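Please look through the sequence and the model shown below before reading on. The paragraphs that follow take up one part after another, and they are best read with the structure in view.

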Amino acid sequence: MRGILSVCLVLALLTTLYSCKKEVNPKETDIQTVSKDSTSFKMYEMSPLASLMEEMHAQGVVLKNKIEQGDTDLGALPEKHKEIRTARMTDPSDADMFFEYQAQEYLRLEQILYESVEGDKKEQFNNMINSCLACHQKKCGGPIPRIKKLLIN
């Protein structure tokens with residue numbers, strides 16, 4: 001009896017060792033290969049005009065704070081803002097006569113704000129911001145809530 005038990009134990013041990021060493025053949029598995037979707041997420045890249053407008057918004061926040069504190073020295077007129085007329089847009093079809101007029105109007109009002117020694121800076125600033133709103137109401141409405149927050153009450 002002891003011999004049969006020993007033989008069974010040895011067979012069980014060999015079976016266990018053999019099954020643990022078995023290598024898995026990729027052809028035998030039921031795992032499916034997942035292919036990468038060609039419509040996967042793409043990182044948004046701002047157009048040069050959108051990037052410029054982000055900078056203009058940041059400058060607007062700085063100007064608003066200065067004007068609200070009574071500071072009339074706003075520094076130098078940012079030359080880079082002139083690129084508003086030539087920077088590539090997100091939607092090139094938006095580059096029309098309306099946009100060109102609005103861009104020129106913005107630059108004119110910005111120049112008045114920076115260079116005029118007369119007049120109410122708050123009113124001049126709000127006029128400049130309202131020119132942004134006038135354009136965005138026709139062209140790209142997304143930033144309107146952010147722009148409205150720039151207005152000084």
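In this predicted model, the buried residues of helix 4 are Lys121, Gln124, Phe125, Asn126, Met128, Ile129, Ser131, Cys132, Leu133, Cys135 and His136. What lies over these buried residues includes helix 2, helix 3 and helix 5. Helix 4 itself runs over residues 121-138, and its length can be checked against expectation: at 1.5 Å a residue its 18 residues should span 26 Å, and the end C-alpha atoms are 27 Å apart, which agrees. At the N-terminal end of helix 4, Asp120 acts as a cap, with a side-chain oxygen 3.3 Å from the backbone nitrogen of Lys122.

It helps to set this helix within the whole chain. The chain has five helices and zero strands, so that, by the definition of these elements, its pattern along the sequence reads α-α-α-α-α. Of its 153 residues, 28% count as buried. Among the contacts between residues at least 6 apart in sequence, 65% join residues at least 24 apart.

Where do the nonpolar residues gather, and which of them touch the most other members of the largest nonpolar core? That core has 27 residues, and those touching the most other members are Leu49, Leu63, Ile84, Phe99, Leu113, Phe125 and Met128. The elements that give two or more residues to this core are helix 2, helix 3 (97-115), helix 4 and helix 5 (144-148), and the largest share, seven residues, comes from helix 3. Phe125 and Met128, already met among the buried residues of helix 4, are thus also named among the core members with the most partners. Ile84 offers a view of the core from another side: leaving aside residues up to four places away in sequence, Ile84 touches Leu49, Leu52, Met53, Met56, Phe99, Ala103 and Leu107.

Helix 2, which covers residues 48-68, carries two further residues that deserve a careful look. One is His57, which lies in this helix and is buried, with a relative accessible area of 18%, where the limit for buried is under 20%. Beyond residues up to four places away in sequence, His57 touches Arg146 and Leu150. The other is Lys64, also in helix 2, which is buried yet has no salt bridge. Why does Glu68, the nearest side chain of opposite charge, not form a salt bridge with Lys64? Glu68 is 4.2 Å away, whereas a salt bridge needs a side-chain nitrogen of Lys or Arg within 4 Å of a carboxyl oxygen of Asp or Glu, so the pair does not count as one. The side chain of Lys64 does, however, reach the backbone oxygen of Lys149 at 2.6 Å. Lys64 also touches Phe125, Lys149, Leu150, Leu151 and Ile152, again not counting residues up to four places away in sequence. Leu150 is therefore, by the definition of contact, touched both by Lys64 and by His57.

Elsewhere, charged side chains do pair, and the structure holds seven salt bridges. In one of them the side chains of Glu100 and Arg85 meet at 2.6 Å, N to O. This pair links distant parts of the chain, with Glu100 in helix 3 and Arg85 in the loop between helix 2 and helix 3, 15 residues apart. Both partners are partly exposed, Glu100 with a relative accessible area of 24% and Arg85 with one of 41%.

Another salt bridge joins the side chains of Asp96 and Lys139, at 2.5 Å, N to O. Here too distant parts of the chain are linked, since Asp96 sits in the loop between helix 2 and helix 3 while Lys139 sits in the loop between helix 4 and helix 5, 43 residues apart. Asp96 counts as partly exposed at 32% relative accessibility, and Lys139 is partly exposed with a relative accessible area of 23%. These two residues belong, together with Asp94, to a network of salt bridges.

Within helix 3, Arg108 forms a salt bridge with Glu105, the closest N and O atoms being 2.7 Å apart. Both residues lie in this helix, three residues apart, about one turn. An α-helix has 3.6 residues a turn, so residues three or four places apart point the same way. Arg108, at 42% relative accessibility, counts as partly exposed.

Methods. Residues are numbered from 1 along each chain as its sequence is written. This is a predicted model: local features need pLDDT of at least 70, side-chain atom pairs count only at pLDDT 80 or more; totals for chains, interfaces and linings use all residues. Side-chain values use heavy atoms; hydrogens and water are left out. Helices (H or I, at least four residues) and strands (E, at least two) are DSSP runs, numbered from the N terminus. Buried means under 20% relative accessible area, exposed over 50%, partly exposed in between (1.4 Å probe, protein chains only). Lys and Arg count as positive and Asp and Glu as negative; His and the chain ends are not counted. A polar contact is a pair of N or O atoms within 3.5 Å; within protein, one must be able to donate a hydrogen and the other to accept it, and residues adjacent in sequence count only if both atoms are side-chain atoms. Contact means heavy atoms within 4.5 Å. A nonpolar core is a set of buried Ala, Val, Leu, Ile, Met, Phe, Trp, Tyr and Cys residues joined through side-chain atoms within 4.5 Å. The expected span of a helix is 1.5 Å times one less than its number of residues.
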